Amino acid sequence: MNDTQIERTLGTTEPRVNTDEALARFQARVQTEGIVPVASVPRRRVTSRWVQGLAAAAGVVIVASTLAFSGLAGSILQIFEPKSVVAVPISQSDLNYLGQACAGLNLQECMGAYGTFEWTAPPQPKEVTSRAQASALAGFTALAPSSVPSSVTGDPRYGVINRSTATFTFSADSTRQSAARQNRTPPPMPANIDGSKLFITGGPAVVQIWGAPAGTASGPGSDIPTLIVGQAKAPTVSSDGITVDELRSYLLSQPGISPQLAAAIRAIGDPSSTLPVPVPAELAISHPVTVQGVQGLFIGDNTGIAGAVIWQKDGMMFEVIGSFTESQALAIANSMR
Amino acid sequence: MTLPARDPGHAVAAVSPAFEGLFRSEYARVVGIAHRVLADQAEAEDVAQDVFISFYRGHPADAAYGRAWLHAAAAHAALNALRGRDRRSRREAAQAVPLETTVAADDPAVTVAASETREEVRAVLARLPERSAALLALRYAGLSYAEIAAALDVRASSVGTLLRRAEDAFRRELR
């Protein structure tokens with residue numbers, strides 16, 4: 001089959017379009033759906049998008065850790081190792097209750113409300129110059145997308161985060177003091193939880209970022225990464241005795257946890273192997289998707305500007321984040337080799 | 001497809017001149033790319049609308065990469081739509097558009113066979129790797145090598161090679 005034959009095989013009659021009508025239809029949809037052009041969306045100025053991107057892409061580890069320790073999830077077990085991911089919608093009232101520290105993924109501040117958090121091997125991001133170098137440092141083969149949208153240009157920057165470990169010790173005193181500062185009265189911490197320890201491991205992780213600047217930001221919107229690909233060894237959590245049921249009951253008894261959030265956490269079928277991903281209920285949508293032959297999760301903000309796909313396969317967590325539609329994000333994720 | 005009953009001149013007033021210019025210059029091309037994949041004009045125009053909506057939401061109208069982004073998005077969105085079709089919609093699409101080949105339209109047997117061939121062609125496109133299918137869609141929608149390179153973010157000097165590989169894969173799958 002030559003080119004002409006392929007042309008004929010792929011051929012269709014050339015469409016005759018009415019651009020005026022099409023533009024009117026577009027305009028009607030923009031008006032009906034209240035779609036806002038990107039130019040009118042304010043973007044916050046940040047000092048270093050590279051650092052922010054690195055942190056965001058490491059979110060598979062951080063989110064898991066934060067959820068486990070912040071009281072959002074019932075996935076704290078004697079042994080926790082995610083085999084799948086599930087969305088947990090979090091309302092604004094839940095976020096208000098949890099406070100900015102938790103919402104901002106600051107583990108130590110967030111966990112200070114329940115006890116003592118201590119890094120035994122803190123995460124130390126390091127930039128390397130190639131994927132091969134990143135793979136060597138991480139100890140696994142860092143996968144990369146073989147196909148990306150045209151908006152993603154240039155070579156990526158590579159970051160590696162070492163295997164990190166932390167210990168958290170529950171403290172009834174800390175919980176009472178923290179609640180008192182917020183004029184709250186917490187439910188009593190069960191005696192077997194007070195003083196018990198959780199041990200968490202996360203990473204190593206490899207982060208690839210396209211569109212990240214070499215230096216610091218010079219202006220708003222000028223250095224936003226176009227694509228972030230994160231890959232990490234699945235995090236694990238173990239405890240020195242408390243069970244997931246005990247812990248889940250305690251966490252869900254906290255005032256301020258909405259019935260919807262509690263129901264979502266209770267609905268997690270197998271909390272020992274399910275990574276809950278917090279999704280702001282008012283700001284984002286999420287639903288299960290099939291990616292790389294397994295079930296993953298698509299999360300998109302309500303404006304359609306940002307989308308992410310998260311999945312777990314063969315003991316590794318993956319995420320693809322960027323300014324993509326769902327199909328684009330999935331295409332990138334499925335092209336990872 | 002149902003078009004809104006409104007006056008086009010009135011309806012376009014709210015988008016920026018830059019976006020309107022981009023829409024007017026690229027709409028036919030975007031539909032053409034999607035149509036090459038889907039062989040259904042209504043569906044291709046739906047895809048084009050979605051593509052422009054995505055661009056409008058996420059990118060400034062005067063972005064230098066705008067045209068390339070739209071071309072790539074048209075191919076990927078159309079391929080995604082193609083993969084999502086069920087058997088019934090595929091049959092409907094096959095009946096909706098006449099073939100461009102030298103089919104004796106008054107011969108039902110030939111028409112049915114040609115429709116089946118076209119369905120198989122679309123099935124092959126859906127099975128091909130994303131980049132290969134997109135390459136074929138863009139090339140046979142009339143884009144230049146430079147435009148394909150920009151859309152798929154590959155070197156212009158590589159397009160010929162990539163295209164030949166895509167065509168080889170297409171032939172193998174079609175057998």
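In this short talk I will go through a few features of a predicted model, beginning with the cores and then turning to two places in chain A.

Let me start with the largest nonpolar core, which has 57 residues, and in which B:A34, B:A74, B:A78 and B:A137 are those with the most contacts inside it. The elements that give two or more residues to this core are α2 of chain A, residues 19-33, together with several helices of chain B, including α2, α3, α4 and α6. Among these elements, α4(B) gives the most, with twelve residues. If we take B:A78 as an example and leave aside its neighbours within four places in sequence, we find it in contact with B:I33, B:A34, B:V37, B:L38, B:A44, B:V47 and B:A137. Apart from that core lies another one, of 40 residues, and A:Y158, A:V309, A:W311 and A:A331 are among them.

That brings me to A:V294, which sits in strand β13 of chain A, residues 294-301. Is A:V294 buried or partly exposed? It is partly exposed, because 15 other C-beta atoms lie within 10 Å, whereas a buried residue needs 20 or more. Beyond its neighbours within four places in sequence, A:V294 is in contact with A:W311, A:Q312 and A:K313. The C-alpha atoms of A:V294 and A:W311 are separated by 7.5 Å, although these residues are 17 apart along the chain.

Finally, please look at strand β10 of chain A, residues 236-239, where A:V237 and A:S239 form the covered face, while A:T236 and A:S238 form the uncovered one. This strand, β10(A), pairs with strand β7 of chain A, residues 197-202, in the antiparallel sense over four bridges, and A:L198 stands opposite A:S239 in β10(A).

Notes: Residues are numbered from 1 along each chain as its sequence is written. Chains are lettered from A and ligands numbered from 1 in the order in which they are written. This is a predicted model: local features need pLDDT of at least 70, side-chain atom pairs count only at pLDDT 80 or more; totals for chains, interfaces and linings use all residues. A residue is buried if 20 or more other C-beta atoms lie within 10 Å of its own, exposed if 12 or fewer, and partly exposed in between; C-beta atoms are placed from the backbone. Two residues are in contact if their C-beta atoms, placed from the backbone, lie within 7 Å. Two strands pair if DSSP finds at least two bridges between them. A nonpolar core is a set of buried Ala, Val, Leu, Ile, Met, Phe, Trp, Tyr and Cys residues joined through C-beta atoms within 7 Å.
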